[in-house]
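Let us walk through this protein together, with the sequence and the model side by side. Keep the viewer open and turn it as we go.

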Amino acid sequence: MKKRVPNFSFKFYYPIFTFFVVAFLFSFSSFYNPKWNYNWGGIRKQVKDSILRFDYYGSISWDSTNQSGHRLQSYFTHRWILDNADPHELYRLLDYPDGTVKAIAYEGLMYNSSIKKYPLLKKVLNDTLSFVSYRTGCIGSGTMLSNYVISFVTNIDERAPTKINAPIIDLTKKEKEEILMLLDQRISREKYYKEEFYKTIR
């Protein structure tokens, strides 16, 4: 007697197949990191390696020290990037999907005397969903990218503590007033921007 071959029907398995595909895509999207797709074109390997190392540390450190009283490695990596990345590389890093890395890029550009600062300040003020992590001593904190660049790097805002060896920012009185007005507007809505930022990383 001839053995009967089961009649395979893809229609029967289609719902199961669809379920597993959707489940896979959902699980992938839950841990997907936009940094994976960042275009490193135009950035030298040594600068890229330093950025990835700094990104791993996760925050900017100034006078923070380890248990032995020595500066944290992130401080030296920070300084190396500022001393070695060229303006083209720093401009490219303004699109890096991490606010702390962007902060270093803006800082480096602020110290470049050949770059007009007003358009750069307007650009950072429009980046409302980027935040910077930093450490002072043993205390870690965070702030909006625009507040970090204007209040922590430059001496534009006279209400903030004066920075030693701050970059020279040549603005007209009108431009300065506009920048500070926009900064105040951003800070007043910081809670809202944080909520919107958290939505992008969930």
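What follows goes from the overall layout to single helices and then to a few loop residues.

Please keep in mind that this is a predicted model. Its secondary structure amounts to nine helices and three strands. Read from the N terminus, the order of the elements is α-α-β-α-α-α-α-β-β-α-α-α. The protein has 202 residues, and 37% of them are buried. If you take the contacts with a separation of 6 or more, 62% of them join residues 24 or more positions apart.

A good place to begin is the pair formed by helix α2, residues 45-57, and helix α3, residues 73-84. Their axes are 10 Å apart and make an angle of about 145 degrees. The crossing of α2 past α3 is left-handed. On the α2 side, the residues that meet α3 are Gln 46, Val 47, Ser 50, Ile 51, Arg 53, Phe 54 and Tyr 57. Their partners in α3 are Gln 73, Ser 74, Thr 77, His 78, Trp 80 and Ile 81. Sorted by class, this contact holds six nonpolar, six polar and one charged residues.

Just ahead of this pair, look at Gly 41, which sits in the loop between α1 (10-31) and α2. Is Gly 41 buried, exposed or partly exposed? With a relative accessibility of 37%, Gly 41 counts as partly exposed, because the class runs from 20% to 50%. Along the chain, Gly 41 and Arg 92 are 51 residues apart, yet 8.6 Å separates their C-alpha atoms.

Moving on, find Asp 127 in the loop between α6 (117-126) and β2 (131-136). Its relative accessibility of 17% is under the 20% cut-off, so Asp 127 counts as buried. Setting aside neighbours within four places in sequence, Asp 127 is in contact with Lys 102 and Leu 145. The C-alpha atoms of Asp 127 and Met 144 are 9.0 Å apart, with their positions 17 residues apart in sequence.

Leu 145 also brings us to helix α7, where it is one of the buried residues. How much of α7, residues 145-153, is buried? Eight of its nine residues are, so the helix is largely enclosed by the rest of the structure. Besides Leu 145, the buried residues are Ser 146, Asn 147, Tyr 148, Val 149, Ile 150, Ser 151 and Val 153.

The loop between α7 and α8 holds Asn 165. Most residues other than glycine have a negative phi. Asn 165 is not a glycine, but has a positive phi of about 60 degrees. Asn 165 is also exposed, because its relative accessible area of 65% is over 50%.

Our last stop is helix α8, residues 173-188. At 1.5 Å a residue, its 16 residues should span 22 Å, and this agrees with the 23 Å between its end C-alpha atoms. Which residues of α8 are buried? They are Ile 179, Leu 180, Leu 182, Leu 183 and Arg 186. Viewed down the axis of α8, these buried residues fall within an arc of 160 degrees, so they line one face of the helix. In an α-helix there are 3.6 residues a turn, so residues three or four places apart point the same way. Lys 173, Lys 174 and Ser 188 are exposed on the other side of α8.

Key. Residues are numbered from 1 along each chain as its sequence is written. This is a predicted model: local features need pLDDT of at least 70, side-chain atom pairs count only at pLDDT 80 or more; totals for chains, interfaces and linings use all residues. Side-chain values use heavy atoms; hydrogens and water are left out. Axes are lines fitted to C-alpha atoms, for helices over the stretch in contact, and angles run from 0 to 180 degrees between N-to-C directions. Helices (H or I, at least four residues) and strands (E, at least two) are DSSP runs, numbered from the N terminus. A crossing is left-handed if the near helix is turned anticlockwise from the far one by less than a right angle, and right-handed if clockwise. Contact means heavy atoms within 4.5 Å. Ala, Val, Leu, Ile, Met, Phe, Trp, Tyr, Cys and Pro count as nonpolar, Asp, Glu, Lys and Arg as charged, and the others, Gly among them, as polar. The expected span of a helix is 1.5 Å times one less than its number of residues. Buried means under 20% relative accessible area, exposed over 50%, partly exposed in between (1.4 Å probe, protein chains only). The arc is that of the directions from the helix axis to the C-beta atoms.
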